[in-house]
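Let us walk through a protein model together, one piece at a time. Keep the picture open beside you and look for each part as it comes up.

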Amino acid sequence: MVELNNGKEILRADDLYHVYETEAVDGNVVGLRGIYIKVHQKEVVSVVGPSGSGKSTLMKCLGGLMTPTAGDIFYEGNSIARLNAQELLHLRQRTVSFVFQDSNLLPYMNVVNNVALPLKYLKVSPGKARRKAMELLERLGVKDQAKMLPPQVSGGEKQRIAIARALITKPKIILADEPTGSVDLVTSRDILKLFREIIEEVNVSFLVVTHSREVTEFSDRSLELIDGRFVAEHGSNINVSNLSDTRKIIIDKTGNMTIPSEILSTIGGPGIFEPTKVELDEINLVRFNEEDTVPDTVAEKPAKFCLACGTEYESSQSDSCSKCGAIRTKL
Ligand SMILES: Nc1ncnc2c1ncn2[C@@H]1O[C@H](COP(=O)(O)OP(=O)(O)O)[C@@H](O)[C@H]1O
Ligand SMILES: [Mg+2]
């Protein structure tokens, strides 16, 4: 496989599944069905897909907030599958941070303490944690809001504060679930410019769930999630309002491929396809039509000998065997 990014691998998932067990009569819900993903250092990767396609499930599994039903996740090449809860927590705190759509700031705690909170969990002294938090708030242009409570600041400011809080532990990757969803366009462009500067400064990668054209165009690439599987990849020229324009279909490590529904209907629906051309970097599939292999003329020809007793039929008109009475078949 051709690796487009030569940077260090930060996050990888191999054949990830997640099943939600439910009491519903129609059974369990499969959130993820065989996810492969790799994110490299300083890479910005978007995840796009319809509501219910598994985007939030994926982010929770990748971030270690939820245990996948099957498959493995690697942080900088280290598998997290066999870590106990304590080991996982430590690795997660050093590697991954989250930014959620609603920013998840504690409403009763002032901004600077919200930002400093992750360092408190890492047992950094309160004074040092607050100093670091102030530095980041300044960097993100929201220093004046330090003493305010989250409900007193604007949506755009909240996102900047949430990013400051995500950065304070010096993570390798930030997982963001629709971070600009509640922010207006101008503010989100501002945030994105800041993202790029921060990426260069601190070598962080971003994996971002988004519906926003600004975010996808800013990303190095976008992965399209449908029904729990990555179906296609898109470059920075992605057209979010018509994904079929920019889609590059993914064939994963196990050889699985999902055909998007528009393509499926164009080719005339499901069926069996013959690989008529298989070469390096190229495959051609042509519908295999079983009827084509048995010409109609042959199929309609009556058998010469009785299949039951082997007696030759007396004439081309006989429809049963004169010896055993078995019905004459067509071959
Ligand atoms: N706690 C849960 N219990 C049962 N099903 C769930 C739960 N959370 C999500 N799902 C289902 O899993 C699928 C993926 O959900 P989700 O990851 O939230 O999608 P997205 O973020 O792309 O909208 C959906 O069918 C959703 O209904
Ligand atoms: Mg979601």
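In strand 8, Val209 is the bridge partner of Val47, and Phe206 of that strand stands opposite Val44. Strand 3 (residues 44-48) and strand 8 (residues 205-209) run parallel and are joined by 4 bridges. (Helices and strands here are DSSP runs, numbered from the N terminus: H or I over at least four residues for a helix, E over at least two for a strand. Two strands pair if DSSP finds at least two bridges between them.) Before going further, please note that this is a predicted model, where local features need pLDDT of at least 70 and side-chain atom pairs count only at pLDDT 80 or more, while totals for chains, interfaces and linings use all residues. Residues are numbered from 1 along each chain as its sequence is written, while chains are lettered from A and ligands numbered from 1 in the order in which they are written.

Strand 3 also pairs with strand 9 (residues 221-226), again in the parallel sense and over 4 bridges. Here the bridge partner of Val45 is Arg221 in strand 9. Is strand 3 buried or exposed? Of its 5 residues, 5 are buried, where "buried" stands for 20 or more other C-beta atoms within 10 Å of a residue's own, "exposed" for 12 or fewer, and "partly exposed" for anything in between, with C-beta atoms placed from the backbone. The cover is on both faces: Val44, Ser46 and Val48 are buried on one side, and Val45 and Val47 on the other.

Now step back to see the sheet around this strand. It is an open sheet of 7 strands in the order 6-7-8-3-9-10-11, with mixed pairing. Strand 6 (96-100) and strand 11 (248-249) stand at the edges with a single partner strand each, so one side of each has no neighbour in the sheet. Strands of a sheet pair through backbone hydrogen bonds, either parallel or antiparallel.

There is another sheet to find. This open sheet has 4 strands in the order 2-1-4-5, and its pairing is antiparallel. Its edge strands, strand 2 and strand 5 (78-79), each pair on one side only. Strand 1 (residues 9-20) meets strand 2 over 9 antiparallel bridges, and Tyr20 has Val29 of strand 2 as its bridge partner.

Tyr20 and Val29 also lead us to ligand 1, since both are among the residues around it. Others there include Gly49, Ser51, Lys55 and Thr57; a residue is near a molecule or strand if its C-beta atom, placed from the backbone, lies within 6 Å of it. Strand 2 (29-40) and helix 1 (55-62) are the elements that give two or more residues to this shell. Helix 1 provides the largest share, 3 residues. By type, the shell has 2 nonpolar, 9 polar and 1 charged residues. (Ala, Val, Leu, Ile, Met, Phe, Trp, Tyr, Cys and Pro count as nonpolar, Asp, Glu, Lys and Arg as charged, and the others, Gly among them, as polar.)

Let us turn to the helices. How many of the 13 residues of helix 5 are buried? The count is 11, so helix 5 is largely enclosed by the rest of the structure. Arg160 lies in this helix, which covers residues 155-167, and is buried because 25 other C-beta atoms lie within 10 Å. Leaving aside neighbours within four places in sequence, Arg160 is in contact with Leu140, Gly141, Val142 and Ile191; contact requires C-beta atoms, placed from the backbone, within 7 Å.

Helix 5 also gives the largest nonpolar core its largest share, 6 residues. That core has 58 residues, and those with the most contacts inside it are Val115, Ala133, Leu137, Ala164 and Ile173. (A nonpolar core is a set of buried Ala, Val, Leu, Ile, Met, Phe, Trp, Tyr and Cys residues joined through C-beta atoms within 7 Å.) Beyond four places in sequence, Leu137 touches Val111, Val112, Val115, Val142, Lys143, Ala146 and Ala164. In helix 3 (residues 111-121), the buried residues include Val111, Val112 and Val115. The buried residues of helix 3 pack against helix 4 (126-139) and helix 5.

Conventions
Contact = placed C-beta atoms within 7 Å.
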